[in-house]
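Subject: Structure handover

Hi,

Here is the structure I promised to pass on. My notes on it follow below.

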Amino acid sequence: ILLTVILLLICTCAYIRSLTPSLLDKNKTGLLGIFWKCARIGERKSPYVAVCCVVMAFSILFMQ
């Protein structure tokens, strides 16, 4: 379940940053900097994040 939460956070932050970059770019440090870092991970490691999402979806649909 932790993998699900982390993947959803990364995907959501990357999507929000693609719509309104200034919203996350002004908070690069501190507690809200976590969202900026998640957005950067989502942008730079998108093939790996996509593979993890597919694996997560497969495990949720067929393993449980």
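First, a term you'll need: a residue is buried under 20% relative accessible area, exposed over 50%, and partly exposed in between, using a 1.4 Å probe and protein chains only. Some housekeeping as well: this is a predicted model, so local features need pLDDT of at least 70 and side-chain atom pairs count only at pLDDT 80 or more, while totals for chains, interfaces and linings use all residues. Numbering runs from 1 along each chain as its sequence is written, and side-chain values use heavy atoms, with hydrogens and water left out.

Arginine 17 is worth a look. At 16% relative accessibility it counts as buried, and it lies in helix α1 (helices are DSSP runs of H or I, at least four residues, numbered from the N terminus). Leaving aside neighbours within four places in sequence, arginine 17 is in contact (heavy atoms within 4.5 Å) with Leu24, Asp25, Trp36, Ala39, Arg40 and Glu43.

Two of those partners have their own lists, again without neighbours up to four places away. Leucine 24 contacts Cys13, Ile16, Arg17, Phe35, Trp36 and Ala39. Alanine 39 touches Cys13, Ala14, Arg17 and Leu24. Alanine 39 sits in helix α3 and is buried, at 0% relative accessibility. Its C-alpha is 4.1 Å from that of alanine 14, although the two are 25 residues apart in sequence.

Now the core. The largest nonpolar core (buried Ala, Val, Leu, Ile, Met, Phe, Trp, Tyr and Cys residues joined through side-chain atoms within 4.5 Å) has 9 residues: Leu7, Ile10, Cys13, Leu24, Trp36, Cys38, Ala39, Val49 and Met56. At least two of them come from each of α1 (2–19), α3 (33–44) and α4 (46–63).

On to the aromatics: there is 1 aromatic pair in the structure. The ring centres of phenylalanine 58 and phenylalanine 62 are 5.1 Å apart with planes at 50°, so the pair is tilted (ring centres of Phe, Tyr or the six-membered ring of Trp within 6.5 Å; planes under 30 degrees apart are stacked, over 60 edge-to-face, the rest tilted). The two are 4 residues apart in helix α4, about one helical turn. Phenylalanine 58 is partly exposed at 46% relative accessibility, and phenylalanine 62 is exposed at 58%.

Last item: isoleucine 34, in helix α3, is partly exposed, with a relative accessible area of 42%.

Cheers
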